[in-house]
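Reader: I would like a close look at a single part of this protein, chosen by you, with its surroundings described carefully enough that I can follow along in the viewer. Please then carry on from that part to the cavities and to the chain taken whole.

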Amino acid sequence: MPAPVVLIAEQLSPATIAALGPDFEVVHVDGTDREALRSSLASADAVLVRSATKLDEEAISWAPKLRVIARAGVGLDNVDIKAATRAGVMVVNAPTSNIISAAELTVAHILGLARKLQRAHASLSSGEWKRSAFTGAELFEKTVGIVGLGRIGALVADRLRGFGVELIAYDPYVTAARAGQLDVELVELDELVERADFLTIHMPRTPETLGMIGEAQLRAMKPTAYVVNVARGGLIDEQALAAALDAGEIAGAALDVFVEEPPSSDVLTAHPRTNVTPHLGASTEEAQEKAGVSVAKSVRLALAGELVPDAVNVAGGAIDEYVKPGLPLTEKLGQIFAGLAAGPVASLDVEVHGELSDYNVEVLKLAALKGLFTQVVSDPVSYVNAPLHAEQRNVEVRFSADAVTESYRNVITLRGATEDGTRISVSGTLTGPKQIEKIIEINGYDIELPISEHLIVFSYTDRPGIVAVYGSVLGEAGVNIAALQIARDEKKGEALSVLSIDSPVPSELVAGLSDAIGANVIRAIDLVLD
């Protein structure tokens with residue numbers, strides 16, 4: 001079997017390539033060359049990029065085998081996440097790789113503003129010696145207002161505390177207890193802009209946060225105050241900022257990010273009251289290497305069929321080692337559930353019982369949906385697009401977990417109904433030191449049978465000689481029965497037989513088998529195994 005192809009579309013560190021390991025064919029391409037990118041994507045299982053390569057809907061359509069897009073950094077402006085999700089492609093980034101670098105650059109910009117470093121440097125470089133023109137200010141006892149007290153905002157607070165500043169913050173999603181741990185006073189945004197000597201913003205760019213520091217906020221600031229943006233372009237209204245600087249409403253600004261990069265106008269970049277850098281928040285050797293190594297590890301997990309904690313379009317997060325064996329079991333149960341259904345599925349309940357309920361097991365819902373739709377749709381199904389398939393088909397999906405189980409340490413049950421109201425259920429477990437995957441219940445009948453690639457499930461009126469009948473029919477057709485289980489609700493009542501067979505059976509043979517035994521329901525199920 002050929003090794004998966006990992007396409008490196010931009011310059012990445014040797015440590016990134018080493019973190020991928022020897023199990024992949026690594027191919028390099030200039031991702032900014034669209035024709036070269038198109039050709040290379042045709043055989044790619046994964047692609048690693050930074051910010052220059054545009055993986056839009058068109059580019060994703062060029063990659064029929066693609067399973068994961070990895071961005072060696074934080075922002076994902078160059079990746080069409082919706083198109084990737086529709087295609088079943090996992091998108092991962094390295095959200096914590098640059099947080100220290102971004103926090104340190106923020107502190108550097110605050111210090112640079114306070115001591116007028118860039119302007120003093122420019123003056124001296126031009127041959128001037130104007131010490132009195134660049135009298136600065138100490139940070140000691142100044143008020144620093146942090147808008148956004150997440151990972152980077154918290155690191156900024158931690159680093160500035162040593163300067164003896166007063167720390168205040170605005171973040172509607174942070175509790176007072178968390179702020180107290182950071183020794184930061186939580187305030188409303190209006191109060192923050194009025195009190196801050198330095199305002200630094202660390203929010204994601206969303207429709208709600210765009211321009212959140214605008215004309216009204218800048219006008220409310222002290223004329224001696226400074227603003228800093230090392231987060232995302234547009235969080236500070238650039239037009240309003242330029243006007244405030246021109247009017248002397250604030251003393252200055254430091255910007256690392258812009259709405260348009262590179263900026264087409266020098267209104268802010270050439271302004272005498274600004275310190276500017278060309279989006280250097282993640283531009284340290286340490287951050288670049290951490291980002292590359294992080295996404296390389298994510299690619300390995302994704303291509304191994306596992307969920308990835310840093311996947312941005314998959315719910316789930318880190319998976320405990322105790323939970324991981326339940327993923328392939330639940331996928332197979334999903335396939336069996338689909339095989340038992342005679343028509344479109346209307347609802348699916350994923351139930352987890354036993355010791356597993358002590359863990360975060362919602363990922364098993366994704367596994368069940370992946371298994372279900374693997375049997376239903378012709379397109380590739382993944383943890384990424386399985387929920388989308390359910391939404392498009394109006395399948396009502398519920399999840400529950402509890403510790404109640406009688407005969408097994410853990411039981412995973414899928415139950416639901418088709419559109420005509422037919423009820424279906426299948427349960428499974430893992431047994432023994434080797435964690436053997438077993439079916440332990442179908443439609444209310446208790447059985448115990450190892451899951452195999454090919455199954456026949458049928459119900460009929462219990463009577464003598466039925467085993468001989470179906471054994472004869474399958475034997476004459478050259479189909480070997482590897483294992484079987486029979487369950488019944490009462491003597492001479494309804495019985496259920498589950499056969500594990502060595503090869504798939506054609507529909508004609510299934511129909512003949514049904515006639516021979518007088519089956520009430522019969523289903524031949526062939527699992528798709530990775």
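Author: Ala-84 counts as buried, because its relative accessibility is 0%, where a value under 20% is what buried means. The model is a predicted one, and in it Ala-84 belongs to helix α4, which covers residues 81–86. Once the neighbours within four places in sequence are set aside, the residues in contact with Ala-84 are Ile-60, Ile-69, Val-89, Val-91 and Asn-313. For one of these partners, Ile-69, there is also a distance to follow in the viewer: Ile-69 and Ala-84 lie 15 residues apart along the chain, and their C-alpha atoms are separated by 8.3 Å.

A second buried position can be set beside this one, this time in a strand. Ile-8 is part of strand β1, residues 5–8, and with a relative accessibility of 2% it is counted as buried. Apart from neighbours within four places in sequence, Ile-8 is in contact with Ile-17, Leu-20, Val-26, Val-27, His-28, Val-29 and Leu-48. Val-26, which is among those contacts, stands 18 residues from Ile-8 along the chain, with 7.1 Å between the two C-alpha atoms.

Val-521 gives another case, since its relative accessibility of 38% makes it partly exposed. This valine is found in strand β22, which runs over residues 521–526, and beyond its neighbours within four places in sequence it is in contact with Val-457, Phe-458 and Ser-459. If you look from Val-521 to Gly-164, the two are 357 residues apart in sequence and 77 Å apart in space, taken from C-alpha to C-alpha.

Some loop positions deserve a check of their backbone. Glu-141, in the loop between α6 and β6 (143–147), has a phi near 65°, which is a positive value in a residue other than glycine; its relative accessible area of 61% makes Glu-141 exposed. Asn-394 sits in the loop between α15 (386–392) and β14 (396–402), where its phi is near 55°, again positive in a residue other than glycine, and a relative accessible area of 66% places Asn-394 among exposed residues. In the loop between β11 (252–255) and β12 you will find Pro-262, and the peptide bond that joins Glu-261 to Pro-262 is cis, with omega about -5°.

From here the view can turn to empty space inside the protein. Rolling a probe the size of a water molecule over the atoms shows where such space is left. The structure holds three cavities of 30 Å³ or more, and the largest of them has a volume of about 70 Å³. Its lining comprises 13 residues, of which Leu-113, Arg-119, Tyr-226, Arg-273 and Asn-275 are the closest to the centre. At least two lining residues come from each of α5 (99–115), α6 (117–125) and β12 (274–276), while the largest share, three residues, is supplied by α6. By character, the lining of the largest cavity divides into five nonpolar, five polar and three charged residues.

The second largest cavity has a volume of about 40 Å³. Among the residues that line it are Asn-229, Arg-232, Gly-233 and Gly-234, together with Ile-236 and Glu-238, and the leucines Leu-241, Leu-255 and Leu-268 also take part, as does Val-257. Here the lining divides into five nonpolar, three polar and two charged residues.

Taken whole, the protein chain contains 17 helices and 22 strands. Its radius of gyration is 30 Å, well over the 24 Å that the globule rule gives for 530 residues, so the chain is more spread out than a compact globule. Along the principal axes, the C-alpha atoms fill a box of roughly 105 × 50 × 40 Å. Buried residues account for 49% of the 530 residues in the chain. Of the contacts between residues at least 6 apart in sequence, 62% join residues at least 24 apart. The chain exposes about 24,800 Å², and 51% of that area is supplied by carbon and sulfur atoms.

Methods
Residues numbered from 1 in each chain as written. Predicted model: local features only at pLDDT ≥ 70, side-chain atom pairs only at ≥ 80, totals over all residues. Heavy atoms only, no water. 1 Å grid on protein atoms, 1.4 Å probe; cavity = no way out; pocket = protein on both sides within 12 Å on 5 of 7 lines; lining within 4 Å. Points joined across faces, edges and corners; volume = space filled by probe spheres on them. Helix = DSSP H or I, 4+ residues; strand = E, 2+ residues; numbered from the N terminus. Nonpolar A, V, L, I, M, F, W, Y, C, P; charged D, E, K, R; others polar. Rg over C-alpha atoms; globule rule 2.2 N^0.38 Å. Buried < 20%, exposed > 50% of the residue type's maximum accessible area, 1.4 Å probe, protein only. Contact = heavy atoms within 4.5 Å. Areas by Shrake-Rupley, 256 points an atom, 1.4 Å probe, with all protein chains shown as cover.
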